[in-house]
Amino acid sequence: MVVTVTEPIVGRPLSITADLAVLATGIVPVLSRELAAGYGAELDADGFFEEADPKWRPVDSLKEGVFACGIGLGPRGVPEAVASAEAAAVRALRILTHERQIGRAHV
C-alpha cells in the first residue's frame, strides 16, 4: 500500500509505503476564545485548552481551579483521556480538601 500526501514544509507530494493504514475521524474544537477567557483559560493555536505546563501541570490552566481533560486537551485515545480526567479530578479534589482543612482549623 502506498499513501500519498502533500508535505506542507516542502510543498510537494510525498509517497509513503505502508503495511497498514488506520483511519480516524478528525477532531475540530468548537470552544470559543471568549468562553474560555470567561473561565480564565487560554486556547492553543489549534483551539484546544492550553495547559499551564504540559509536563508538570497538564490539566491546569493558568487560573487556579480551572482544569480540562479528554479531547478538550487535543486528540487522544481513550486511555489518555481517562488519565487526564483522573488527573483533573485529583487536582479539583486537592482544592476542595484544602478549603475544608482551612475551615476546620478556624473552628
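**Figure 1. Valine 3 and its bridge partner across the hairpin.** In this predicted model, valine 3 finds its bridge partner in strand 2, where isoleucine 16 takes that role. The pair belongs to a wider match: strand 1 covers residues 2-7, strand 2 covers residues 12-17, and six bridges join the two. The two strands run antiparallel. Together they make a hairpin, with four residues between strand 1 and strand 2. Take a look at glycine 11 while you are at the turn, as its phi is positive, at about 70 degrees.

**Figure 2. A nonpolar patch on the surface.** Which residues make the nonpolar surface patch? Val5, Leu14 and Ile16 do, and the patch amounts to about 220 Å². Of these, leucine 14 belongs to strand 2. Leucine 14 has a relative accessibility of 39%, so it counts as partly exposed, since that class lies between 20% and 50%. As a reminder for this view, side chains in a regular strand alternate between the two faces of the sheet.

**Figure 3. The whole chain, for orientation.** Following the sequence, you meet the elements in the order β-β-α-α. That gives two strands and two helices in the protein chain. Why is the chain described as more spread out than a compact globule? Its radius of gyration is 20 Å, whereas the globule rule gives 13 Å for 107 residues, so the chain is more spread out than a compact globule. The C-alpha trace spans about 70 × 30 × 20 Å along its principal axes. Of the 107 residues, 18% are buried. Among contacts with a separation of 6 or more, 23% are between residues 24 or more positions apart. The chain exposes about 8,400 Å², and 61% of that comes from carbon and sulfur atoms.

**Figure 4. Glycine 47 in the loop between the helices.** Helix 1 (33-38) and helix 2 (78-106) are linked by a loop, and glycine 47 sits in it. Is glycine 47 buried or exposed? With a relative accessibility of 14%, glycine 47 counts as buried, because the cut-off for that class is under 20%. For a handy distance check, try alanine 37: from C-alpha to C-alpha, glycine 47 and alanine 37 are 12 Å apart in space, and they are 10 residues apart in sequence.

**Figure 5. Aspartate 60 and its two arginine partners.** How many salt bridges does the structure hold? There are two. In one, the side chain of aspartate 60 meets that of arginine 57, at 3.6 Å from N to O. In the other, the side chains of arginine 91 and aspartate 60 meet at 2.5 Å, again N to O. Arginine 91 lies in helix 2 and aspartate 60 in the loop between helix 1 and helix 2, so this pair ties together parts that are 31 residues apart in sequence. Through shared partners, the salt bridges join Arg57, Asp60 and Arg91 into one network. Burial adds a further detail to the view: aspartate 60 has a relative accessible area of 3% and is buried, while arginine 57, at 31% relative accessibility, counts as partly exposed. In general, side chains of opposite charge can pair when their charged atoms come close.

Methods:
Residues numbered from 1 in each chain as written. Predicted model: local features only at pLDDT ≥ 70, side-chain atom pairs only at ≥ 80, totals over all residues. Heavy atoms only, no water. Pairing = 2+ DSSP bridges. Patch = residues over 30% accessible without salt bridge, like charges linked within 9 Å, V, L, I, M, F, W, Y side chains within 5 Å. Areas by Shrake-Rupley, 256 points an atom, 1.4 Å probe, with all protein chains shown as cover. Salt bridge = Lys/Arg side-chain N within 4 Å of Asp/Glu carboxyl O. Buried < 20%, exposed > 50% of the residue type's maximum accessible area, 1.4 Å probe, protein only. Rg over C-alpha atoms; globule rule 2.2 N^0.38 Å. Contact = heavy atoms within 4.5 Å.
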